[in-house]
Every structure is written in C-alpha cells, then in structure tokens.
Amino acid sequence: MASIDSIAENLRHLDEFARADTVVHRLDPRAKVVVTLAFVVTVASFDRYTVAALMPFAVFPIALAVLGRLPAGYLAKNVALAIPFALLIGLFNPFFDREVVFHLGPLPVTAGWISCASIVVRAVLTLGAALVLVALTGFPAVCAALEGLGMPRVFAAQMQFLHRYLFVLVDDAARSTRALALRSGGNAPRPTTVASLLGLLLLRTWQRAERIHLAMLARAYRGELHSRETWRFAAAEVAFVIGWVSLFCILRYYDFTRLLGTLVARVLP
C-alpha cells in the first residue's frame with residue numbers, strides 16, 4: 001500500500017508544482033513542448049558510443065528547474081527511478097560488443113560499457129526534461145499543447161482522461177489494499193485473493209467509466225475538452241524556442257567537452 005500511496009503523492013506534487021507562478025510557468029505550453037521535443041530528438045541523434053558530449057545538455061532541465069523553483073530532491077528521486085530500467089536495457093551490450101576502446105588503469109573498457117553508459121545518460125536527460133516539462137506546465141496543458149501542434153484530438157482526450165481519473169483509480173486501489181491488509185491480519189495474502197481483488201478493481205473501473213461516459217454524453221460531449229485557460233504565442237515564446245533550439249544545435253555539432261580537454265592538456269604540463 002505504501003507504494004500506491006507514494007505514486008498518488010508523486011502525481012499530486014506534479015500538479016502542485018504546475019500551479020506555481022514563475023516566468024517559465026507563464027510561457028505558452030506549446031513553446032515548452034516544442035523545445036522539449038527538440039531536446040529529446042537532439043539527445044537521441046547522437047551515436048551509441050557518445051557519453052561526454054551529452055553532458056552539456058543537462059543545462060536545459062537544470063536551468064528550467066531552477067527558474068521554475070522545482071525542488072531538486074524531488075526531481076533527482078524520480079529521475080533515479082529510470083536508471084535501473086536503462087541499465088537493464090544496456091546491460092547486455094558489454095557481452096556483445098567486446099572491442100576494447102581504452103584502458104582505465106589495468107582495467108580494459110570495452111565499447112559495450114560505453115554504449116551502456118550512453119543509454120543511461122540519455123534516459124536520465126530525456127526523463128528529466130519530460131518531468132520538468134510536466135511539473136512546469138501541467139499534464140492537461142501539455143496534452144492541449146500537443147493537440148495544438150497537430151496531435152489527433154482523440155489521442156489528446158484519451159491522455160487527459162487517463163490523467164484525470166488516474167487519481168481515482170489509485171485511491172480506489174489504495175482503499176482496496178488497505179482493506180485486504182486489515183482482513184488478512186498482517187499476513188501475506190494468497191495469490192487467488194490478490195487475483196480476485198484485481199478483478200474486482202477492474203470491474204469497478206469499467207462500471208465507473210460507463211457512468212462517466214453517460215454523464216458526459218448527457219452534457220453534450222462531442223470529443224473536445226474545453227479549458228478556461230488561454231495562451232498566446234508572443235515574443236517571449238519565440239525567443240525561448242529560438243534560444244534553446246540554437247543552443248541544442250551548437251551543442252550537437254561542437255563537442256565542448258573535447259575542446260575543454262584539449263585546452264586543459266595544453267595548459268597543464
């Protein structure tokens with residue numbers, strides 16, 4: 001139950017952060033979505049053996065988090081959750097790509113370990129950027145921005161419904177888990193009991209979805225979710241997009257870590 005409660009608490013924190021009022025929060029969501037997509041595409045465009053050249057891209061999520069006054073501990077804790085999954089994806093690379101690239105003291109470093117590190121760095125950067133985007137914008141605003149940028153309306157509506165009623169589903173699951181723990185006396189429930197609980201939760205979710213759909217049809221729902229917020233793509237948004245995209249292009253085609261290493265090698269004896 002603790003894990004379910006922590007998921008709900010994380011989701012609520014994101015919504016609370018999105019209600020803040022900073023210079024980044026006031027930007028048009030479309031500008032932030034466009035820049036974040038450009039960031040993800042640029043990070044993904046590097047070859048699989050790139051690690052050091054990806055490091056300067058951390059300036060984007062860090063700068064937005066600082067300007068948006070997001071807590072560093074919350075972001076670091078949630079971004080760290082992606083590291084085990086990224087390691088699971090890249091952990092087999094050292095077994096298939098065994099070409100030795102360099103030696104770290106007596107230890108040979110193969111290309112497989114470099115590509116594994118590259119996967120982890122990319123996962124941290126892209127997840128960090130996505131998390132900062134949602135925390136600064138709000139998930140409904142992100143969906144509306146994606147729809148404004150050309151995403152089919154049905155997909156945007158499905159994503160907004162998922163966000164809205166995920167809290168209801170998580171609360172329902174937490175209550176069911178709490179009731180199961182009280183009735184079991186602290187003992188581990190049997191697999192058949194857990195399966196029955198999951199089935200009951202699925203049926204209740206299905207019935208609630210039908211009632212919500214009928215209520216929406218009774219209120220003349222025609223596939224469009226309206227919002228009271230209005231946005232305007234002004235000069236600040238244009239400067240935001242052009243500035244960050246230009247920086248991404250510069251970091252993509254100029255490896256500043258290599259230039260810095262060359263300068264250090266020339267200065268140091």
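Helix α3 and its surroundings

On the other side of helix α3 from its buried residues, I62 and V66 are exposed, where exposed means over 50% relative accessible area, buried under 20% and partly exposed in between, with a 1.4 Å probe and protein chains only. This is a predicted model, in which local features need pLDDT of at least 70 and side-chain atom pairs count only at pLDDT 80 or more, while totals for chains, interfaces and linings use all residues. Residues are numbered from 1 along each chain as its sequence is written, and side-chain values use heavy atoms, with hydrogens and water left out.

The buried residues of α3 are F60, P61, L64 and A65. Seen down the axis of α3, these buried residues fall within an arc of 125 degrees, so they line one face of the helix; the arc is that of the directions from the helix axis to the C-beta atoms. Their cover includes α2 (29-44), α4, α7 and α11 (235-253).

Helix α3 (residues 59-67) packs against helix α7 (residues 111-137) at an angle of about 25 degrees, with their axes 9 Å apart. That makes α3 roughly parallel to α7, a term for angles under 35 degrees. In this packing, F60, P61, L64 and A65 of α3 meet G128, A129, V132 and L136 of α7, contact meaning heavy atoms within 4.5 Å.

Just after α3, R69 takes a positive phi of about 60 degrees, although R69 is not a glycine. R69 lies in the loop between α3 and α4 (72-80), and at 67% relative accessibility it counts as exposed.

Key. Axes are lines fitted to C-alpha atoms, for helices over the stretch in contact, and angles run from 0 to 180 degrees between N-to-C directions. Helices (H or I, at least four residues) and strands (E, at least two) are DSSP runs, numbered from the N terminus. Angles under 35 degrees count as roughly parallel, over 145 as roughly antiparallel, 65 to 115 as roughly perpendicular and the rest as oblique.
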